[in-house]
Each structure stands twice: as structure tokens, then as C-alpha cells.
Amino acid sequence: MKGRNMEWVYLESNMAASAFRGEYEASLDQLILQRRSQTDEARTVYAEKLLKDPENCRKEFEEMLGWPLTQYSPQQPIETKNVLLYQDDSMLLLRIQLELMKDFWFGGLLFLHKDNEKHPFLLVQHGGAGTPELCSGLLEMGSVNYNGMTWRAFKKGANVFAPQLFLWDTQLFGCRPQDQGKTRDEIRRPMDISLKNLGGSIMAVELYCLRRCLDYFESRPYVCHGAIGMMGLSYGGQYALFLPAVDTRVAASLSSCFFNYRHHLEWSDFTWFNAAARFFDAEIALLINPRKLFIQVGEYDPIFSVKGAVKEWERLKSLCGENLNWVDFRVFQGDHEFDKDDTQLNMLLEELEKNIIR
């Protein structure tokens, strides 16, 4: 023991206590399984409250996600900065930024029909590693797994806002000098942790931003009142589920390749304190009822498994009983991509048309 701070008579190898440590690790695993079973039961009971009192449950959902969503207020006016990127006889394309808090700028791409008419208004949300330009097919690489979702919605008659979330691929789209060499997740998830330490989350910040964007756009002359919708892929599908859950101005929404059983997908920015006792995807979906929700999942999706999606769909059905006319669930022949078939997209836009306040 020469050279050590203390001298002991007894010594052992590094692995001598491995069985002891393994038993503790197994105990933790078992504790989590037991607690999951308890929270699954609690979540089912909570759903009964959700069906009876959605407004109070909506507030509890917002409180779970945290600040600044909990301090949302539809204040006006909102300052904007616009850059005209393209126009022709039929359309305008602008990059728009909105000051949603003092010196806090948020934005995306705005696609407008150039006919001086009101149109249904659709938020089209990119997913992880994406940007509005990518999901809209404005880059040389095309729209990749987005399958032209922005253009498809626009050509069917919607005006479209494609927001930029804090999700872009740092190798493809750059980052701050101090973040050089870091991946998107290595930047986003510590940001989320910092916000959770401050009483919020990255989800709360970005939902707040999307709600403030609705405050701005609903007053624009090119937006049909009552006909605001949203659709998104992957992470964008998460926001297409969460935004209508907190904001009833979203009349209909399409969530692609996100809806799933959350015990199978416990990413740090998918989880909040005690969410398993109240809000998994089925319960969040219930906050949208009776407004229309379209859910699509790829049969061969390697990230969000179809098995987990069907499991959560069965839960949602069991919670709703026969009252399922507000939700449409489909498994399509594809992987982690926006469905190439227009069936649900058409249904989404038809629902928005029906909700126009004339």
C-alpha cells in the first residue's frame, strides 16, 4: 500500500463486488418497472378527469411543460422583419421573423397565394435535423423524407408558415463558433436541461413561440378565421400533437411518425416530471377532442416503431370508447417519412374548409 493515503490489510480486485453492484442495478430496473405499472394505472384514471374537465387538464399539461408557456398571453402588436425571397404571378415566398418577447426573434418561411383572397392557414413543421427550407424542398437535396409536404399543402390551396425550431443539423446548416463539432442533440438537450432547471423546457418555449405566431397570423388578411391547422413529421409530428392540445385555435392537425408508446421512447426532450402519471400521447390527443386529429405512422419506421404506435392507439381507443369520429389513425406503407399518399392531407384541408368562419 506504499504511496496511498491510507493502508489497509484487506485488498480485492476491481470486479470482486460486481455481483453486489449488479444486484443494485437490477433493483433499480425492477423499481422502474413497478413504478411504471403504478403510473400506467394512474394515467388511465386521470384520463377520466381529462374527458370530463379538459380545460383544467389543459392547464395542468401546460404547467408540466413549464415556463414561458404558463405565462402565454395574446399580446399585440408583434414586430416583424420580412425578406422577399421569390414571387411570381401566383405566389409570394418570404422569410419572416417575429419578435415574440423583448429582443427574442423567432421565424420561418411564409408561402402566400398571390390572389388577395383568404385561404386556410397551415403550419408545416419540419422534424429533427431539419429546417423550413429542407421540408419545403428549397435545397438541392430536395425535401428528403418530407416528400414535398409544404408544396403539396400549398398547391391544394393553403397559405403556409413553416417555422424554424431548435432542431437543425449542425453539419448541414451550421452552428455558433462555441458549438463547433457538436451534434444537434449535444446542443438541444443541454439547452432543454437548462430550461427545465429554470422551470421550463425547450418544448414550452417553442410552443409559446408557435402560439404567439398564431396571434400574429390570425389577424392577417390572408388567413381564414377558424381554418388554422398544423402538420409535421417526426419531431414536427410531436409539435403537431402538442400545439392543438394547448391551443384550441388549431382546428385540425396531422401528426406524422411521432405518435407512440412513450415508455419505449424516453428521450430527454420527450419527458417531463411525472408525465407517465398523466400525459402520454393518448392523453395529449384527448386534449384535441372534438377537433380533428390525423395520425399516420410508417409500417417500416426504424425510429418510431409501428408496434409502439398501435399499442398507444389501442389505449386511445379504450379511453374513448365509441367516440372516435374526431381521430383518424393510419399505418402507411413507408418508413420514417411523410406519407406520399394525399388521403389524410386532403382530409385535413377539407376539415379546415368546413371550419371557415364566414
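Two strands are taken to pair if DSSP finds at least two bridges between them. In the predicted model described here, β6 and β7 are joined by six bridges and run parallel, and within this pairing I228 stands opposite V250 in β7. The chain passes from β6 through α8 to reach β7, and the resulting β-α-β crossover is right-handed. Strand β6 is also joined to strand β4 (residues 119-125), again by six bridges and in a parallel arrangement, with F121 standing opposite I228 in β6. I228 therefore has a facing residue in each of two strands, since F121 stands opposite I228 and I228 stands opposite V250, while β6 itself is largely enclosed by the rest of the structure because nine of its 11 residues are buried.

Charged side chains form a further set of contacts, and the structure holds 30 salt bridges. In one of these, the side chains of D215 and R212 meet at 2.7 Å, N to O. These two residues lie three apart in helix α7 (residues 202-217), so that about one helical turn separates them. Both partners are buried, D215 because its relative accessible area is 2% and R212 because its relative accessible area is 3%, each value falling under the 20% cut-off for burial.

A salt bridge also connects E218 and R249, whose side chains meet at 3.1 Å, N to O. This pair links distant parts of the chain, with E218 placed in the loop between α7 and β6 (223-233), R249 placed in the loop between α8 (235-246) and β7 (250-256), and the two positions 31 residues apart in numbering. E218 is partly exposed, with a relative accessible area of 30%, and R249 is likewise partly exposed, with a value of 21%. Through salt bridges that share partners, E62, R211, R212, D215, E218, D247 and R249 are joined into one network, which thus includes the buried residues D215 and R212 as well as the partly exposed residues E218 and R249.

Another salt bridge is found in helix α6 (residues 184-197), where D192 and K196 are four residues apart and are therefore separated by about one helical turn. Their side chains meet at 3.0 Å, N to O. D192 is buried, with a relative accessible area of 2%, whereas K196 is partly exposed, with a relative accessible area of 30%.

Definitions and conventions:
Residues are numbered from 1 along each chain as its sequence is written. This is a predicted model: local features need pLDDT of at least 70, side-chain atom pairs count only at pLDDT 80 or more; totals for chains, interfaces and linings use all residues. Side-chain values use heavy atoms; hydrogens and water are left out. A salt bridge is a side-chain nitrogen of Lys or Arg within 4 Å of a carboxyl oxygen of Asp or Glu. Buried means under 20% relative accessible area, exposed over 50%, partly exposed in between (1.4 Å probe, protein chains only). A crossover is right-handed if, with the strands pointing away from the viewer, the path from the first strand over the helix to the second runs clockwise.
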